[in-house]
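Subject: Structure for your review

Dear colleague,

Please find below the structure I am handing over to you. I would be grateful if you read the notes beneath it with the structure open.

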Amino acid sequence: MVTVHGYQYGGGRRDLLYNAVSADHKTLYNSEYGEGDATGEQLASNLNLDVRWLHPTAWNYWQPLDIYGWGLIEADLARATVGRVAPKYYVLAHYTRHVRPGYTILDNSNDGNTVRAYSRATRTLVL
């Protein structure tokens with residue numbers, strides 16, 4: 001297993017890393033991702049790029065509680081306050097609620113804005 005952090009955002013050659021790791025018969029695990037866009041637009045864009053080109057077996061958002069748009073939920077840990085749920089929380093929830101363990105990610109080379117996953121066990125396709 002190869003563990004990576006996902007701070008290349010829209011740049012970086014995820015495919016080259018995936019090819020090198022898979023040639024060695026290993027899997028990729030994205031153990032850390034974060035950015036300061038509370039809207040969730042960057043999160044969705046980068047998660048789609050990671051799914052399409054990096055093929056991680058797991059993907060983690062690093063800062064569930066934080067300030068200045070970094071957290072899924074606004075929180076100032078130094079002041080022990082918790083604020084509102086950021087829109088990016090719901091963006092990530094869309095992926096995690098629908099793309100479940102055991103689903104196969106399907107090739108989607110024609111549309112970089114959609115993730116397609118299929119469960120053979122339940123015969124379910126999610127977009």
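The notes that follow concern the two largest pockets and the residues that line them.

Please bear in mind that this is a predicted model.

The largest pocket

The largest pocket holds about 550 Å³ of space. Its lining consists of 17 residues, and those closest to the centre of the pocket are P56, T57, A58, W59 and V99. Two elements, α2 (41-54) and α3 (87-98), give two or more residues each to this lining. The largest share comes from α3, which provides 3 residues. Sorted by class, the lining of the largest pocket comprises 12 nonpolar, 4 polar and 1 charged residues.

The second largest pocket

For the second largest pocket, the computed volume is about 220 Å³. This pocket is lined by 15 residues, of which V51, R52, L106, D107 and N108 are the closest to its centre. At least two lining residues come from α2 and at least two from β6 (104-106). Here α2 gives the most, with 5 residues. The lining of the second largest pocket divides by class into 6 nonpolar, 6 polar and 3 charged residues.

An element to view in both places

When you inspect the model, you may wish to begin with α2. This helix is among the elements that give two or more residues to the lining of the largest pocket, and α2 also gives the most to the lining of the second largest pocket.

With kind regards

Notes: Residues are numbered from 1 along each chain as its sequence is written. This is a predicted model: local features need pLDDT of at least 70, side-chain atom pairs count only at pLDDT 80 or more; totals for chains, interfaces and linings use all residues. Side-chain values use heavy atoms; hydrogens and water are left out. On a 1 Å grid over the protein atoms alone, a cavity is a set of points where a 1.4 Å probe fits but cannot get out, and a pocket is an open set with protein on both sides within 12 Å along at least five of seven lines; lining residues have an atom within 4 Å of a point. Grid points are joined across faces, edges and corners, and a volume is the space filled by probe spheres set on the points. Helices (H or I, at least four residues) and strands (E, at least two) are DSSP runs, numbered from the N terminus. Ala, Val, Leu, Ile, Met, Phe, Trp, Tyr, Cys and Pro count as nonpolar, Asp, Glu, Lys and Arg as charged, and the others, Gly among them, as polar.
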